[in-house]
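Work through the following exercises with the sequence and the model at hand. Each task is followed by a solution that goes step by step.

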Amino acid sequence: APGQPVTVRLVGGGGKESSKSTATTLPGLEWRRVIVAHTVATPGPLRLEIVADPVPAGDTLLVDEVVVRTG
């Protein structure tokens, strides 16, 4: 739905380090690019968290083309 707030962040280092959250408000049925920068201090798994709360009943949040780059 238009105006749906969504927050994206990356978590690494066994949950001990995380990026700053990036929040955006969705425009409705159009796609919105969200970029999150994160520098990993220690090697290990990296978790992507996407939070859209509250999502009205019957609405859907579609996530497409997640890209993780090194460098």
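**Exercise 1.** Determine which residues Thr24 touches, not counting residues up to four places away in sequence, and establish whether Thr24 counts as buried or exposed.

*Solution.* Taking contact to mean heavy atoms within 4.5 Å, one finds that Thr24 touches Gln4, Pro5, Val6, Arg32 and Val34, once residues up to four places away in sequence are set aside. This is a predicted model, in which local features need pLDDT of at least 70 and side-chain atom pairs count only at pLDDT 80 or more, while totals for chains, interfaces and linings use all residues. Residues are numbered from 1 along each chain as its sequence is written, and side-chain values use heavy atoms, with hydrogens and water left out.

Next, locate the residue: Thr24 lies in strand β3, where strands (E, at least two residues) are DSSP runs numbered from the N terminus, as are helices (H or I, at least four residues). Thr24 counts as buried because its relative accessibility is 15%, the classes being buried under 20% relative accessible area, exposed over 50% and partly exposed in between (1.4 Å probe, protein chains only).

Finally, the side chain of Thr24 makes a polar contact with the side chain of Arg32 at 2.9 Å; a polar contact is a pair of N or O atoms within 3.5 Å, of which, within protein, one must be able to donate a hydrogen and the other to accept it, and residues adjacent in sequence count only if both atoms are side-chain atoms.

**Exercise 2.** Describe the place and the exposure of Gly3, and find how far Gly3 is from Ser18 in space.

*Solution.* Gly3 belongs to the segment before β1 (5-12), and Gly3 is classed as partly exposed because its relative accessible area is 45%. Leaving out residues up to four places away in sequence, Gly3 touches Thr25 and Leu26. From Gly3 to Ser18 the C-alpha separation is 26 Å, although the two are 15 residues apart in sequence.

**Exercise 3.** Place Ala37 in the chain, and state how far its C-alpha atom is from that of Leu10.

*Solution.* Ala37 sits in the loop between β3 (22-25) and β4 (46-51), and with a relative accessible area of 69% Ala37 is exposed. Between the C-alpha atoms of Ala37 and Leu10 there is 8.1 Å, with 27 residues separating the two along the chain.

**Exercise 4.** How many helices and strands does the protein chain have, and what share of its residues counts as buried?

*Solution.* The protein chain has zero helices and four strands, running β-β-β-β from the N terminus on. Of its 71 residues, 20% count as buried.
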